[in-house]
Structure formats: C-alpha cells, structure tokens
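Here are my notes for you to read with the model open on your screen. Take them one point at a time and find each residue as you go.

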Amino acid sequence: MDDIVALCRRRGFIWQSSEIYGGINGFWDYGPLGVMLKNNIRDAWWRDMVLCPPQGPDGQPLDILGLDCSIISHPKVWEASGHVAGFSDPMIDCKECKARFRADQIPDSQCPLKPSKKPGEHDKCKLTDARQFNLMFETHTGALKDDDNKTYLRPETAQGMFFNFKNVLDTCRVKVPFGLAQLGKGFRNEITPRNFIFRSREFEMMEVEFFIHPSTANEWYPFWRKTRYDWWCSLGLAGSNLRLRDHEKDELAHYARDNGGCCDVEYAFPFSGEKGFSELEGIAYRSNFDLTQHAKTSGAKLEYFDQARNERYLPHVVEPAAGLTRGLLAVICEAYTPDATRPSGVYMKFQPRIAPIKAGIFPLVNKDGMPEVAEKLYKELRGKYAVQFDEKQSIGKRYARMDEAGTPFCFTVDGDTLTGGTVTVRYRDTQQQERIGIDKVPAFMAEKIGG
Ligand code: ATP
C-alpha cells in the first residue's frame with residue numbers, strides 16, 4: 001500500500017489536502033490524473049445506470065432517472081432518516097495519549113497505542129467508557145449560529161431521492177418499478193479516517209434507489225445483487241480480489257430478513273500487507289422505511305397509485321449504494337503491477353475505457369520533421385480523446401511516464417513514418433510494438449477506446 005500511495009503522490013493522482021500546511025486528516029485532493037480517472041469511473045456508472053441502463057429480468061431496459069440534490073437540506077430530513085438520532089459510532093478516548101478510537105476497533109479494551117502493555121495491565125491505559133459520537137458534520141445557515149439555524153452536510157446522497165419522490169411522480173411519466181440515481185459528495189466526521197482514501201471525511205458516492213411493488217422484492221434484490229457485482233467486474237476488478245458477502249441474519253434489519261436481504265461487494269485492499277476484504281458497495285432491501293419516515297415527518301402524501309394493479313401503496317426500495325472514492329482506490333490497487341523489466345519498475349494496468357490518458361504521441365527524435373508530423377496526429381486525436389503529446393527526454397523515459405500513468409497505447413513517429421507513412425504503436429501491458437498506417441490511427445483508437 002505504501003508503494004501505491006507513493007506512486008499516487010508522485011504522478012499526481014492523489015495528494016493529502018492542504019499539504020503545505022501539514023495536511024488535514026481525512027481529506028484528500030485529486031490531481032490531474034486522479035480526477036480524470038475518478039471522473040471516468042463516475043461517468044461509466046452514470047452511463048451504465050442512467051443513460052444506457054441494464055435490462056431488467058423481463059429483458060426491458062430499466063427506467064432510471066438522474067437527480068442532483070443540494071448537499072445541505074432541511075434539517076428535518078435527517079430527523080426523518082434517523083441520522084440525527086442514530087448515525088453514530090461508539091468512541092473511546094485514551095486519557096493518557098489523548099487518542100480517540102472506535103470502540104469496535106479496540107481489542108481487549110486496551111489502548112492500541114500501548115501494545116507493549118501486558119494483559120492485566122491494560123486498566124492503566126485510562127480508557128474512557130464508550131460514548132456515542134454523531135458522524136454528521138454540523139454547520140449553520142444564515143447569520144445566526146444558534147440551534148434554530150443548525151444544518152448538516154449530507155452523510156449520504158440517498159435522502160434527496162426520497163424527499164423528491166413526489167416531484168418525480170408529478171413531473172415525469174414513470175411507473176413502478178423505476179429507479180432514481182444520484183452521485184456526489186458525502187461528508188462523515190469519521191472518528192478514525194484511515195487507509196488512504198478508503199475511509200475519509202469527505203468522499204463521493206454513487207447511489208440508486210429502485211422503487212418496486214412490495215411483492216416483487218424477491219425478484220429485484222437478487223437482480224441488483226448480481227448487476228452491481230458484474231458492474232465492478234466490468235471495470236476490471238475481477239477474480240480473487242472481488243467478492244459478494246451476504247450479511248449474516250443477525251446483521252439484517254427485520255424487513256430485509258424476510259424479503260430479500262443485504263450484501264456487500266467487497267474488494268481485497270492491500271492494507272497493512274494483509275489481504276482483507278472491505279466494502280465497496282452495499283446492496284440493501286430497505287422496504288418502504290424511508291418513504292414512510294418522510295411521509296410521517298413532512299406530512300406529505302407519498303403514496304403511489306399503481307394503475308396496472310389498481311392499488312395505492314408506498315413503494316419498497318432496493319438500494320445499491322457504492323463508494324466512488326473507494327472504487328477509485330480499488331481500481332488503482334488492481335491496476336498497480338510491479339514489473340522489474342521496465343525502467344519505471346511498475347505500470348498501471350487500467351482498462352482503456354477508464355484510463356486517464358488514452359494514448360501518448362511522440363516524435364522519436366526532435367528533428368527531421370518528426371515533431372511536426374507527431375503534432376499533427378496529436379491535434380487530430382485531441383478533439384476526441386484525452387491524448388498527450390510529449391517530445392521531452394528519451395523515448396524510454398517517455399514510455400516509462402506513460403506506464404506509470406496507465407496509458408494503454410503510445411504512437412511514435414520515426415524515420416519510417418516520413419518515408420512509409422506508418423507509426424509504431426506500443427502496447428502498455430506487453431510492451432510489444434507493431435507498425436500501423438498513420439491514417440489508421442483514428443480507426444485504431446475508435447476500436448480500442450470507442451467514441
Ligand atoms: P463503512 O461500514 O465502511 O463505514 P457504511 O456501511 O457506513 O461503510 P454506507 O453508508 O453503506 O457505508 O455507504 C455506501 C458506500 O459509501 C460504502 O459502500 C462505501 O463505499 C462508501 N463510504 C462510506 N463511508 C465512507 C468513507 N468514510 N470514506 C469513503 N467512502 C465511504
């Protein structure tokens with residue numbers, strides 16, 4: 001993991017926020033390569049869930065509409081959702097070293113910073129009892145900083161899709177089953193942010209709320225469970241590093257127990273040298289819990305009239321809630337491939353679809369008209385693809401830079417280009433090169449990248 005963090009920093013994927021001031025714990029900045037990669041994952045999700053959604057069990061494309069709701073909403077939203085009362089972690093302080101820990105992360109009631117203490121001595125550690133610590137970031141709207149003006153930064157994007165449910169019914173011609181989708185920032189004042197961007201205090205999520213008739217949960221829950229697992233596979237996270245974990249019966253809310261369930265898509269992040277699986281996305285059957293709460297708290301009528309069934313009801317929900325930032329970290333971990341045969345010693349094996357830079361375009365040397373030909377090719381491709389022109393340093397160093405950035409193809413203009421009209425194309429993963437006509441490069445890109 002340390003090597004991955006170092007590469008992310010060195011190549012401008014991810015930096016600690018406010019680094020020149022010593023950083024701020026739990027906040028991260030995405031550099032030029034990082035934001036391109038993150039946006040490509042985000043756009044793949046939006047395209048695959050909203051613009052070109054999956055086909056449902058009946059073979060018809062699903063109806064999923066996108067929303068973009070404000071980060072701060074009416075504070076009653078978070079009372080209705082249960083976050084004000086219950087969105088908390090039990091926390092324990094060590095009075096000696098002043099550190100704060102989540103209660104479930106302290107083995108044997110012993111301060112983790114005092115590993116030398118023998119069992120039986122741990123009472124000297126001066127740990128406080130566990131206290132509930134609400135994870136929501138509070139702020140105030142308007143000039144007065146009193147309790148009447150207290151608002152919260154959203155800890156999840158889901159609630160906007162519930163409190164706009166009626167707006168959607170009234171303005172869009174949708175019929176149950178249908179979904180709402182939203183992605184964006186969420187904020188949680190995590191007690192112990194850790195493991196690079198895995199657990200941060202500001203992060204991005206991608207969530208779908210899929211509204212269904214209550215009697216169909218047993219169809220839709222397994223559908224979403226499989227669809228979301230397959231989606232992560234389609235980004236290149238496959239094989240032994242990805243798994244679906246069904247929650248144990250005692251982890252489930254009662255409504256999930258009877259009518260479907262709850263599971264996590266987990267990835268084997270290489271934290272602390274161990275291969276432990278951790279959550280990327282949760283897929284949960286939530287019954288009509290959220291709509292019921294909002295109907296009760298706001299007084300609004302949120303029932304849906306189902307013409308086909310001639311029935312009025314509060315739809316139930318299956319919710320696939322994914323972490324974009326965690327997804328980005330998983331994609332980076334999966335792509336990181338040490339290779340002692342290369343000058344860079346490592347390359348990033350991103351799928352062409354999500355690679356930040358799609359191709360590098362180089363003149364072999366900076367003379368004999370090669371830079372001009374390479375630049376012409378660059379300009380032709382640049383209108384359509386994120387490609388990069390590079391004429392500095394040796395060709396080996398330029399390939400090495402592209403290997404670390406995870407660029408799948410490099411085109412090099414050399415002497416034969418000037419006489420025979422061909423360029424070399426170098427494949428990142430095999431380092432093999434072949435010659436293709438310079439006029440065939442756009443078709444090559446269309447075939448390999450799309451668009
Ligand atoms: P965890 O148990 O890891 O705290 P959670 O079960 O509370 O996560 P959800 O509320 O289901 O998470 O949020 C949906 C997704 O948002 C998670 O699957 C995860 O990918 C992402 N996520 C949640 N908390 C964080 C965080 N602090 N930093 C980065 N991503 C997060």
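1. Let's settle one word before looking at the ligand: a residue is near a molecule if one of its heavy atoms lies within 4 Å of it. Keep in mind, too, that you're looking at a predicted model. There are 15 residues around the ligand, and the ones that come nearest are Glu-190, Arg-199, Ser-200, Glu-279 and Leu-280.

2. Now zoom in on the ligand's oxygen atoms. Which side chains put an N or O atom close to a ligand oxygen? Arg-188 is one of them, with a side-chain N or O atom 2.9 Å from an oxygen of the ligand. Arg-199 also uses its side chain, and here the distance to a ligand oxygen is 2.8 Å. Leu-280 does it with its backbone: an N or O atom there lies 2.8 Å from an oxygen atom of the ligand. As for cover, the ligand on its own has 590 Å² of accessible area, and the protein covers 80% of that.

3. Where does the shell around the ligand come from? Three strands, β10 (202-212), β13 (276-287) and β16 (316-323), each supply at least two of its residues. The one that gives the most is β13, with four residues. Sort the shell by class and you get six nonpolar, three polar and six charged residues.

4. Step back a little and look at the space itself. The ligand takes up space that belongs to the largest pocket, and that pocket holds about 1,300 Å³. Its lining is made of 49 residues, with Phe-87, Glu-156, Arg-188, Asp-264 and Glu-279 closest to the centre. You've met Arg-188 already, as the side chain with an N or O atom 2.9 Å from a ligand oxygen. Glu-279 has come up too, among the residues that come nearest to the ligand.

5. Which strand gives the largest share of the pocket lining? That is β13 again, with ten residues. By class, the pocket lining divides into 19 nonpolar, 13 polar and 17 charged residues.

6. How many cavities of 30 Å³ or more does a search of the whole structure find? The search finds one, and about 50 Å³ of space lies in it. Among the residues lining this cavity are Cys-69, Trp-78, Arg-154, Glu-156 and Phe-163. Glu-156 deserves a second look, as it is also one of the residues closest to the centre of the largest pocket.

7. Helix α5 (residues 158-163) gives the largest share of the cavity lining, three residues. Sorted by class, that lining has four nonpolar, six polar and two charged residues.

8. Finally, check two spots in the backbone. Val-176 and Pro-177 are joined by a cis peptide bond, with omega at about 5°. You'll find Pro-177 in the loop between α6 (165-171) and β9 (178-187). The other spot is Asn-195, which has a positive phi of about 55° although it isn't a glycine. Asn-195 sits in the loop between β9 and β10.

Definitions and conventions
Residues numbered from 1 in each chain as written. Predicted model: local features only at pLDDT ≥ 70, side-chain atom pairs only at ≥ 80, totals over all residues. Heavy atoms only, no water. Polar contact = N/O pair within 3.5 Å; in protein donor to acceptor, adjacent residues only side chain to side chain. Areas by Shrake-Rupley, 256 points an atom, 1.4 Å probe, with all protein chains shown as cover. 1 Å grid on protein atoms, 1.4 Å probe; cavity = no way out; pocket = protein on both sides within 12 Å on 5 of 7 lines; lining within 4 Å. Sits in = over half its atoms within 2 Å of the grid points. Nonpolar A, V, L, I, M, F, W, Y, C, P; charged D, E, K, R; others polar. Points joined across faces, edges and corners; volume = space filled by probe spheres on them.
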